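This report describes selected internal features of one protein model for a reader who has its sequence and coordinates at hand. The topics are the enclosed spaces, one sheet with its packing helices, and a single threonine residue.

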Amino acid sequence: MHFPPRIYRFRNRISRRTFLEACAVGALGTVGFGAGLAASFNAFASNGTLASASSMTDEQREFLSSEGRRYCGLTLHIITEDTPPSRACREIAVREFAALTGIDVDWELAPLRRVLAKTLQDVNSKAGRYDIYYVDHSWLATMSPHVHSPEPLLQNPEIAYPDFDFPDFLEALVDKVASHGGQLMGLPYDIPILIMAYRRDVLDSLGLAPPRTLDEYQHVVQAVQEARAPEMYGTVGQWKAGHYSLVCAMSSWLWGHGGSFFKSDGWPGFLDDQAASAMRYMLELGKYMPPGATAWDWDGQGRSFAQGGAAVAIVWSEQFPLFDDPARSSVVGLVEPSPCPQALALRPSSETSFGETPGVSHQGGSCLALSSYSKNITPAWMFMQWVTSKDVSVRASLLGGGASLMRRSCYEDPRIMAQKRVGPGTTRHLDVTLDAITHHMGTEPHLSGWDQLVVNGFGVELGRMVTGQQGVKETLRAMQSAAGKHVRNLRPAV
C-alpha cells in the first residue's frame with residue numbers, strides 16, 4: 001500500500017499581532033515550557049533544553065490559533081499505553097496545543113491490557129467516550145470496524161496542518177502499523193522493534209566478532225557462557241510463561257528459520273520442519289540464559305542486560321537508552337547496537353496469510369485512530385496531525401528517552417543527531433532501528449482476536465515448553481490446534 005503525496009495549503013491566516021495576542025491569552029511561554037517539561041522527565045534532565053526546543057513554524061502556530069480556536073472550550077479524550085513518549089506528548093499537549101487552540105486534552109495513560117479493555121468497552125457500547133484510540137498492531141483487525149479512516153481527511157486542505165507531510169511517514173509503518181485490508185486506519189504513533197545489543201568489551205576480550213547470522217549468534221552466546229559463567233551468561237530472554245513477550249521472542253526464530261504463523265491457504269504453519277527447527281534453536285539458546293529468564297518479560301530482560309547479566313541479547317530498540325543511563329545501568333558505554341542476526345531463510349509474504357510478513361526484527365508498533373463514535377472528528381483530526389508532526393515526534397522521542405521514530409526526516413533531525421553519544425536519552429541506536437524497520441521488520445498476522453490467541457494460546461503453550469513441562473512436538477501441535485480453531489471460519493486476507 002502506498003498513499004500518494006498530497007499538497008496542503010493554509011487558509012484564514014491571521015496577523016502576527018493577532019497571533020501573539022492569542023498566545024498571551026493562552027498563557028503560552030516558550031521559556032516556561034522548556035523548563036517545566038525538562039523537569040518532568042528526570043531521566044532526561046541533562047538534555048531538557050535541547051529536547052524541548054520547538055521547531056514549530058509561525059504558519060503552524062497560526063493554523064492552531066485560528067482553526068483550533070473555532071473549538072475553544074472543547075475537551076478531547078484520548079487513551080494510550082503509558083510509555084515515556086506518551087507522557088512526553090501529553091505534557092507537550094498541555095503546554096502548547098491547549099494554549100494555542102483553547103482545546104483541552106484529557107489524555108488517559110494505562111497499561112496496554114487496560115487500554116484494550118477500555119477501548120473495547122467503548123466500541124461495544126458505541127458511547128464515544130474517547131475521540132482518539134491507541135490501536136496496537138495486534139488489534140488492527142479487531143478495531144477496523146470502529147475507526148474513522150483519515151484518508152478523506154488527508155484530502156481536505158481546509159483542515160490540513162501545515163507541512164504535515166504524510167509521505168514522510170515510513171511506508172512500512174503506514175502499511176503494517178496503521179492500515180488493515182488496504183484501508184488506512186490511523187497515523188503511525190510508535191514502533192518498538194527488535195534489534196541486537198552486545199557487549200563490545202566482552203566480545204573483544206574473547207576475540208569474538210558481533211554475530212551476523214543465527215549460527216554465529218548461537219556460537220557467540222555459547223562461547224561467552226563457557227568463558228564467563230556463572231558471573232555472566234551468554235544471552236538473556238523475555239521468556240515469561242503466558243506473556244506476549246515470549247511469543248515475540250519465539251517469532252524471531254520462527255521467521256528466521258523460514259517458518260510462519262500461517263501459510264498461504266490460511267491454515268497454521270506450526271507442523272512443518274521450519275517451525276520445529278526454530279523451537280529447537282530457541283531451546284538451545286535457553287541453555288545460555290540465567291534461570292530467571294522464564295519469569296521475565298521485556299522489562300525484566302532489559303534490566304538484566306543493563307546490570308551486566310549477559311553479553312548478547314535481542315532487545316526492543318526503545319530499551320537501548322537504558323544501557324547508557326548511569327542511574328540505572330552498570331554497562332554504560334559498553335553496549336553497542338547492531339542488526340538482528342540474518343535469517344537462515346525467510347518465507348515470502350505471498351506464502352503467508354492475514355498480512356503476516358516474516359522478519360527477524362519483530363515489530364510491536366501502534367497507531368492513533370479516530371473513533372467512529374466521536375462527535376469531534378475535525379478537532380480530533382487537527383490534534384492527531386499536530387501530535388504526530390515532525391517537531392512533536394522528535395521532542396517526544398528525546399524527552400521519552402530515545403524512543404523510536406515514525407518519520408524518515410526525524411531520524412536526520414539535528415536534535416536527534418546531537419544525542420548520538422553515550423548518556424541518558426542516547427539516540428545512537430536509531431540508525432540500527434531505521435535499518436530494522438526498512439529492511440528486516442517482521443509483522444504478525446492481523447486477525448480479529450489475535451491478542452487473545454497469542455497470550456492464552458501460544459504464550460501458555462510456549463511457557464510449558466521453555467519450563468520443561470512439554471516437548472517441541474507437543475507444543476507445536478497444541479499451537480496448531482489453537483490457531484486452527486481460531487481461523488476455522490476465516491478466509492485468508494487478500
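## Cavities

The largest cavity contains about 230 Å³ of space. The model is a predicted one, and three cavities of 30 Å³ or more occur in it. Around the largest cavity stand 20 lining residues; Pro85, Tyr189, Asp190, Ser404 and Met406 are those nearest its centre. Three elements, namely helix 5 (84-101), strand 7 (187-190) and helix 17 (390-399), each contribute at least two residues to this lining. Helix 17 provides the largest share, with four residues.

The second largest cavity encloses about 110 Å³. Its lining consists of 15 residues, and nearest its centre are Val236, Ala249, Trp253, Gln301 and Ile314. Two or more of the lining residues come from each of helix 12 (244-256) and strand 10 (310-316). The greatest contribution is that of helix 12, which gives three residues.

The composition of each lining by residue class is set out below.

| Cavity | Nonpolar | Polar | Charged |
|---|---|---|---|
| Largest cavity | 13 residues | five residues | two residues |
| Second largest cavity | 10 residues | five residues | no residues |

## The four-stranded sheet

Strand 10, which helps to line the second largest cavity, also belongs to an open sheet of four strands. The order in this sheet is 9-10-8-11, and the pairing is mixed. Strand 9 (233-235) and strand 11 (335-338) are the edge strands, each pairing on one side only. From one strand to the next, the twist averages 25°.

The individual pairings can be followed across the sheet. Strand 9 runs parallel to strand 10, with two bridges between them; Thr235 has Val312 of strand 10 as its bridge partner. Strand 10 is in turn paired with strand 8 (194-199), in the antiparallel sense and over five bridges. In that pairing Val312 of strand 10 stands opposite Tyr198. Strand 8 is also joined to strand 11 by four bridges, again in an antiparallel arrangement, and Met196 has Ser338 of strand 11 as its bridge partner.

How is strand 8 placed with respect to the rest of the structure? Six of its six residues are buried, so strand 8 is largely enclosed by the rest of the structure. Its side chains alternate in direction: Leu194, Met196 and Tyr198 point one way, whereas Ile195, Ala197 and Arg199 point the other way. Arg199 is thus named among the buried residues, as are the other five.

Two helices pack against this sheet. Helix 14 (residues 298-306) lies across strand 8, strand 10 and strand 11, and runs at about 145° to strand 10. Helix 19 (residues 430-439) touches strand 8 and strand 11, its direction making about 145° with that of strand 8.

## Thr378

Thr378 belongs to helix 16 (residues 377-387). Is this residue buried, partly exposed or exposed? Its relative accessible area is 24%, and Thr378 is therefore partly exposed, since the term buried is kept for values under 20%. When residues up to four places away in sequence are not counted, Thr378 touches Tyr71 and Ile159. Tyr71 lies 307 residues from Thr378 along the chain, yet their C-alpha atoms are separated by 9.4 Å.

How values were computed:
Residues are numbered from 1 along each chain as its sequence is written. This is a predicted model: local features need pLDDT of at least 70, side-chain atom pairs count only at pLDDT 80 or more; totals for chains, interfaces and linings use all residues. Side-chain values use heavy atoms; hydrogens and water are left out. On a 1 Å grid over the protein atoms alone, a cavity is a set of points where a 1.4 Å probe fits but cannot get out, and a pocket is an open set with protein on both sides within 12 Å along at least five of seven lines; lining residues have an atom within 4 Å of a point. Grid points are joined across faces, edges and corners, and a volume is the space filled by probe spheres set on the points. Ala, Val, Leu, Ile, Met, Phe, Trp, Tyr, Cys and Pro count as nonpolar, Asp, Glu, Lys and Arg as charged, and the others, Gly among them, as polar. Buried means under 20% relative accessible area, exposed over 50%, partly exposed in between (1.4 Å probe, protein chains only). Contact means heavy atoms within 4.5 Å. Two strands pair if DSSP finds at least two bridges between them. Axes are lines fitted to C-alpha atoms, for helices over the stretch in contact, and angles run from 0 to 180 degrees between N-to-C directions.
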